[in-house]
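Work through the following exercises with the sequence and the model in view. Try each task before you read its solution.

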Amino acid sequence: MGNVEFTTDSETAVLAQELNCMKAMMSLLLKAIGQADAGKVIIKMEKYISQLDDPEQQAVFTSTVKQITYAYRQ
């Protein structure tokens, strides 16, 4: 997987759609793995976020995880 090259469009609208797709996919994956394991994934991601040095990156990651968590709980 580390050698796979994913092509990405340079248009911001396309990038936004790709990101929305990834968020939806993550929400569905969390639903598929079950509540206990999904909770572990979210906790590990929150721990990872707390270790980031860049406050702006922390804010973006936090917002994204909140959106995915909200979608997962729907």
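**Exercise 1. Find the residues that form a nonpolar patch on the surface, and place one of them in its helix.**

Step 1. Leu 19, Met 22, Met 25, Met 26 and Leu 29 make up a nonpolar surface patch, and together they offer about 440 Å² of accessible area. A patch of this kind gathers residues with over 30% relative accessible area and no salt bridge, where nonpolar side chains (Val, Leu, Ile, Met, Phe, Trp, Tyr) are joined within 5 Å and like charges within 9 Å. Accessible areas are computed by the Shrake-Rupley method with a 1.4 Å probe, and for residues only the protein chains shown count as cover.

Step 2. Met 26 belongs to helix 1, where helices are DSSP runs of H or I with at least four residues, strands are runs of E with at least two, and both are numbered from the N terminus. Met 26 has 33% relative accessibility and therefore counts as partly exposed, since buried means under 20% relative accessible area, exposed means over 50%, and partly exposed lies in between (1.4 Å probe, protein chains only).

Before going on, note that this is a predicted model, in which local features need pLDDT of at least 70 and side-chain atom pairs count only at pLDDT 80 or more, while totals for chains, interfaces and linings use all residues. Residues are numbered from 1 along each chain as its sequence is written, and side-chain values use heavy atoms, with hydrogens and water left out.

**Exercise 2. Describe helix 1 and its buried face.**

Step 1. Helix 1 covers residues 12–33, and its 22 residues reach 31 Å from the first C-alpha to the last, close to the expected 32 Å, a span given by 1.5 Å times one less than the number of residues.

Step 2. Lys 23, Ser 27 and Leu 30 are the buried residues of helix 1. Viewed down the helix axis, these buried residues fall within an arc of 65°, so they line one face of helix 1; the arc is that of the directions from the helix axis to the C-beta atoms.

Step 3. The face turned away from this buried side carries the exposed residues Gln 17, Leu 28 and Ala 32.

Step 4. The buried residues of helix 1 pack against helix 2 (35–50) and helix 3 (55–73). Ser 27, at 6% relative accessibility, touches Ile 68, Ala 71 and Tyr 72 when neighbours within four places in sequence are left aside, contact meaning heavy atoms within 4.5 Å.

**Exercise 3. Which residues of helix 3 are buried, and against which helices do they pack?**

Step 1. The buried residues of helix 3 are Val 65, Ile 68, Thr 69 and Tyr 72. They fall within an arc of 100° when seen down the axis, so they line one face of helix 3.

Step 2. These buried residues pack against helix 1 and helix 2, whereas Pro 55, Glu 56, Lys 66 and Tyr 70 are exposed on the other side of helix 3.

**Exercise 4. Locate the salt bridge and describe its two partners.**

Step 1. A search of the whole structure gives one salt bridge, defined by a side-chain nitrogen of Lys or Arg within 4 Å of a carboxyl oxygen of Asp or Glu. The side chains of Asp 37 and Lys 40 form this bridge, at 3.9 Å from N to O.

Step 2. Both residues lie in helix 2, three residues apart, which is about one turn of the helix. An α-helix has 3.6 residues a turn, so residues three or four places apart point the same way.

Step 3. Asp 37 is partly exposed at 38% relative accessibility, while Lys 40 is exposed with a relative accessible area of 52%.
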